Amino acid sequence: MAIDCLLINPYFLRFDPTQKSKRSPYEPLGLMYIGKVLKNEGYRVSLLDCTFLSSVDEAKDIIKSLNPTAIGITSKITLTKNVAEFISFSKLLGSVTIIGGPDPSLRPERYLRLGADFVVIGEGEETIRELLPCVIKGDDPSNVKGLAFIKKNTIVYTPARPFIKDFDKLGAPDRSLIDVDKYRNTWLEDHGFAMATVMTSRGCPYSCNFCSNPIAPFGRRYTYRSSKNVVDELEEVVLKYGFDRIWFADDVFTINRERTIAICKEIIDRGLQFKWSCLTRADRVDEYLLKLMKKSGCEEIFYGLESGAQEILDAMNRNMKVEAMRRGMLMTKKAGIRIHTFVQVGYPGENYRTLIKTLEFMKEIMPDEFSFTISYPLPGTKLYDLVEFIDDPDSEWDSPSENRLLFKSDIPNTALRFFIKKTKIELALRRRYRKAKLPEKVFNRLSNVILKLLARSAGKYDWNKRSQIISRYLRYEQKTRFR
Ligand code: B12
Ligand code: SF4
């Protein structure tokens with residue numbers, strides 16, 4: 001029998017270059033919330049999660065067998081190729097195609113051009129609740145807020161969908177829609193622990209120029225679930241589904257200090273045993289909070305370090321002082337919580353000196369883990385409008401692990417790549433030769449000279465040749481230092 005709506009997560013773990021060594025699957029929370037609403041409304045709904053499937057063809061066979069009236073697909077910038085393929089297939093079957101997610105919310109036209117019938121802009125729960133009956137009955141959806149669709153060859157945008165105010169009403173996503181066991185077991189097999197994702201708030205009140213979160217899907221606001229509501233979900237995830245790690249995917253988990261305290265206390269009071277990690281800003285933590293977080297199981301905090309140079313943080317509109325980052329990050333380590341920092345290089349204004357400031361800051365903080373990205377302009381952001389592209393902005397996402405500079409800059413891609421490698425080696429050296437200072441000093445001096453030359457001579461050389469020489473040098477350094 002045909003179903004009313006099939007929701008598709010077009011992400012395939014096996015094709016993700018970042019998942020080659022250890023698999024870390026994350027549940028499609030957005031679709032689990034959308035599915036929950038539709039199930040509550042009494043529709044026949046199913047979620048096709050491609051995460052563990054082996055090919056698009058396998059997914060297509062399943063879609064065909066379900067013969068859905070509507071197909072709802074989630075998308076983000078890295079998934080557009082697969083989404084395009086599923087849109088074409090959906091059209092072939094004669095299903096009505098509805099797209100939602102961060103990227104469609106930022107550029108709905110792109111998906112309409114690919115053949116989607118409707119794009120849901122922003123938060124999807126209320127919009128789909130009103131849209132699906134229109135789709136099934138063939139009614140005009142013009143009164144449904146938060147939509148983009150094509151009418152008489154022009155794109156129609158209905159008024160913006162107001163933000164959901166009562167997030168407690170939504171509560172937890174519907175985990176019965178996915179194969180929870182498969183997620184848990186994959187984590188256990190590859191990591192020795194099982195991690196689940198939970199979202200306790202929506203939106204971010206900050207407005208960093210490179211980030212699309214304050215624009216879509218949840219906007220520049222802050223709506224949160226009560227501590228009881230959150231811990232009810234944690235209890236379910238830990239006790240019913242058997243996960244022992246939680247990753248809070250909130251944009252800035254600790255924005256509301258009182259609520260964070262209440263969540264920690266509720267976890268402790270209920271005696272729930274699990275470890276957790278979250279994303280937040282280093283200026284939104286303090287000693288008391290960190291101690292309590294640690295006591296309730298927090299083992300790692302992911303901080304956006306972005307840059308160690310105040311001028312770059314200001315250019316990003318980070319609303320953050322280097323000093324505040326230093327204080328927050330060191331305090332976190334002191335509380336016994338590991339820190340993982342996200343660092344970006346190549347933001348407009350970056351130069352040799354600002355890179356060195358970032359390196360010095362990182363050496364001072366010595367994060368337990370860190371990851372680098374070369375600044376990438378997401379559509380809809382201020383950064384996107386600011387830069388002059390030298391390459392197709394979409395080409396980057398064909399292979400997200402191969403991050404490279406996409407816009408005109410004073411500093412070449414090779415210098416940024418060199419800096420990333422240099423920093424990785426220097427931090428590793430620092431860890432290894434904490435007492436004997438010499439090897440680090442020697443390496444530091446030599447690599448600084450190279451970096452300076454690279455940064456100064458943007459556009460003057462054939463960088464491909466140069467980068468081969470530099471890579472050879474770095475490989476040599478790595479070999480000799482880590483024998
Ligand atoms: C958790 C997370 C991850 C996890 C994976 C999560 C997953 N299952 O895919 C990890 C850590 C792996 C990850 C990686 C990356 N991520 Co990420 N990630 C997030 C984060 C923090 C939360 C996502 C989430 O669970 N949201 C909660 C759910 C409820 O929201 P949602 O999915 O958006 O769904 C709602 C609406 O969008 C809408 N909706 C969504 N789909 C649909 C479908 C239909 C039919 C309907 C009607 C509605 C609808 O309704 C839902 C409920 O309201 C977001 C930030 C954020 N605030 O969302 C970034 C975010 C999604 N990531 C982003 C990026 C850029 C990346 C990376 C490319 C980063 C990098 N440089 O490597 C990689 C890409 C990985 C890959 N291979 O695809 C961007 C995407 C930007 C864009 N324009 O697409 C975001 C928005 C952050 C940002 N602003 O930079 N990420
Ligand atoms: S980077 Fe973090 S703090 Fe800045 S706007 Fe995005 S989510 Fe908010």
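Seven strands form an open sheet with mixed pairing, in the order 2-1-3-4-5-6-7. This is a predicted model. A further open sheet has six strands, in the order 8-11-12-13-14-15, and its pairing is parallel. Ligand 1 has 38 residues around it. Ligand 2 is surrounded by residues that include C204, C208 and C211.

**Seven-stranded sheet**

- Strand 2 (45–49) and strand 7 (154–157) stand at the edges. Each has a single partner strand, so one side of each lacks a neighbour in the sheet.
- From one strand to the next, the twist averages 20 degrees.
- Strand 1 (residues 5–9) runs parallel to strand 3, and four bridges join the two.
- Within this pair, I8 stands opposite I73 of strand 3.
- Helix 3 (residues 80–93) packs on the sheet and touches strand 1, strand 3 and strand 4. The direction of helix 3 makes about 160 degrees with that of strand 4.

**Six-stranded sheet**

- The edges here are strand 8 (195–198) and strand 15 (369–374), each of which pairs on one side only.
- The twist in this sheet averages 20 degrees from one strand to the next.
- Strand 13 (residues 298–306) pairs with strand 14 (residues 338–345) in the parallel sense, over six bridges.
- G304 stands opposite F342, a residue of strand 14. G304 also belongs to the residues surrounding ligand 2.

**Ligand 1 shell**

- G30, G72, T74, G100 and G124 come nearest to ligand 1 among its 38 surrounding residues.
- Two or more shell residues come from each of helix 1 (29–40), strand 3 (70–74), strand 4 (96–100), helix 4 (102–106) and helix 6 (125–137).
- Helix 1 gives the most to this shell, with five residues.
- The class split is 19 nonpolar, 12 polar and seven charged residues.
- Strand 3 and strand 4 thus appear twice in this picture: they contribute to the ligand 1 shell, and they are touched by helix 3.

**Ligand 2 shell**

- The surrounding residues are C204, Y206, S207, C208, C211, N213, P214, D251, V252, R281 and G304.
- By class, this shell holds six nonpolar, three polar and two charged residues.

**Helix 10 and helix 11**

- The axes of helix 10 (residues 257–270) and helix 11 (residues 287–295) come within 9 Å and cross at roughly 30 degrees.
- Angles under 35 degrees count as roughly parallel. Helix 10 and helix 11 are therefore roughly parallel to each other.
- The crossing of helix 10 past helix 11 is left-handed.
- R257, T260, I261, C264 and I268 of helix 10 meet L289, L292, M293 and K295 of helix 11.
- This contact has six nonpolar, one polar and two charged residues.

**Helix 14 and helix 16**

- Helix 14 (residues 352–365) packs with helix 16 (residues 413–432) at an angle of about 25 degrees, and their axes are 10 Å apart.
- This pair is therefore also roughly parallel.
- Helix 14 passes helix 16 in a right-handed crossing.
- On the helix 14 side, the contact uses L355, L359, M362 and K363. On the helix 16 side, it uses F419, T423, E426, L427 and R430.
- By class, this contact has five nonpolar, one polar and three charged residues.

Terms used: Residues are numbered from 1 along each chain as its sequence is written. Chains are lettered from A and ligands numbered from 1 in the order in which they are written. This is a predicted model: local features need pLDDT of at least 70, side-chain atom pairs count only at pLDDT 80 or more; totals for chains, interfaces and linings use all residues. A residue is near a molecule or strand if its C-beta atom, placed from the backbone, lies within 6 Å of it. Ala, Val, Leu, Ile, Met, Phe, Trp, Tyr, Cys and Pro count as nonpolar, Asp, Glu, Lys and Arg as charged, and the others, Gly among them, as polar. Axes are lines fitted to C-alpha atoms, for helices over the stretch in contact, and angles run from 0 to 180 degrees between N-to-C directions. Angles under 35 degrees count as roughly parallel, over 145 as roughly antiparallel, 65 to 115 as roughly perpendicular and the rest as oblique. A crossing is left-handed if the near helix is turned anticlockwise from the far one by less than a right angle, and right-handed if clockwise. Two residues are in contact if their C-beta atoms, placed from the backbone, lie within 7 Å. Two strands pair if DSSP finds at least two bridges between them.
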